[in-house]
Amino acid sequence: MSYRTAKGTLSLVDGRGRSMPNLAAMGPGDYRVRVHIRGRKTVQEHYDAPDATIQLLIMVFPGKERKPVIYRDYP
């Protein structure tokens with residue numbers, strides 16, 4: 001997805017209210033954000049899956065707006 005920041009900040013907050021470091025390392029401007037998720041199928045199949053079952057890889061890099069592309073490996 002595309003993200004534009006005038007102040008040069010992009011922060012994410014986890015489910016416990018803890019904030020990650022600023023992901024807009026190049027300051028104000030246009031960014032592209034890519035997120036990869038692993039473990040969703042396991043959580044859907046097992047109600048007692050451990051908290052760390054879902055893993056996220058979040059990539060942020062400078063770039064102009066483009067149409068989002070969504071890839072899925074599950075039905």
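In which strand does D30 lie? In this predicted model, D30 is part of strand β2, and the description below begins with the sheet to which that strand belongs before turning to individual residues and to the largest pocket.

The sheet is an open one, built from 3 strands that follow one another in the order β1-β2-β3, with antiparallel pairing. Because β1 (2-5) and β3 (55-62) stand at the edges and each has a single partner strand, one side of each of them is left without a neighbour in the sheet. Neighbouring strands of the sheet are turned against each other by 30 degrees on average, when their direction is ignored. In general, the strands of a sheet pair through backbone hydrogen bonds, and such pairing may be either parallel or antiparallel. Between β2 and β3, which run antiparallel, there are 8 bridges, and H36 is found opposite L57 in β3.

Within β2, the residue D30 can be described in terms of both its accessibility and its contacts. D30 has a relative accessible area of 17%, and it is therefore counted as buried, since the cut-off for that class is under 20%. The side chain of D30 is joined to the side chain of R4 by a polar contact of 2.6 Å, and the side chain of D30 also makes a polar contact with that of K64, at 3.2 Å.

A second residue, K41, belongs to helix α1. Its relative accessibility is 54%, so K41 is classed as exposed, a term that applies over 50%. Although K41 and T53 are separated by 12 residues in sequence, their C-alpha atoms are 9.6 Å apart in space.

The largest pocket of the model encloses about 830 Å³ of space. Its lining consists of 22 residues, and those that lie nearest the centre of the pocket are V35, H36, V69, I70 and Y71. H36 thus appears in two parts of this description, as a residue that stands opposite L57 in β3 and as one of the residues nearest the centre of the largest pocket. Both β2 (29-38) and α1 (40-45) supply at least two residues of the lining, and β2 gives the most to it, with 7 residues. When the lining of the largest pocket is divided by residue class, 10 of its residues are nonpolar, 3 are polar and 9 are charged.

Notes:
Residues numbered from 1 in each chain as written. Predicted model: local features only at pLDDT ≥ 70, side-chain atom pairs only at ≥ 80, totals over all residues. Heavy atoms only, no water. 1 Å grid on protein atoms, 1.4 Å probe; cavity = no way out; pocket = protein on both sides within 12 Å on 5 of 7 lines; lining within 4 Å. Points joined across faces, edges and corners; volume = space filled by probe spheres on them. Helix = DSSP H or I, 4+ residues; strand = E, 2+ residues; numbered from the N terminus. Nonpolar A, V, L, I, M, F, W, Y, C, P; charged D, E, K, R; others polar. Pairing = 2+ DSSP bridges. Axes fitted to C-alpha atoms, helices over the stretch in contact; angles between N-to-C directions. Buried < 20%, exposed > 50% of the residue type's maximum accessible area, 1.4 Å probe, protein only. Polar contact = N/O pair within 3.5 Å; in protein donor to acceptor, adjacent residues only side chain to side chain.
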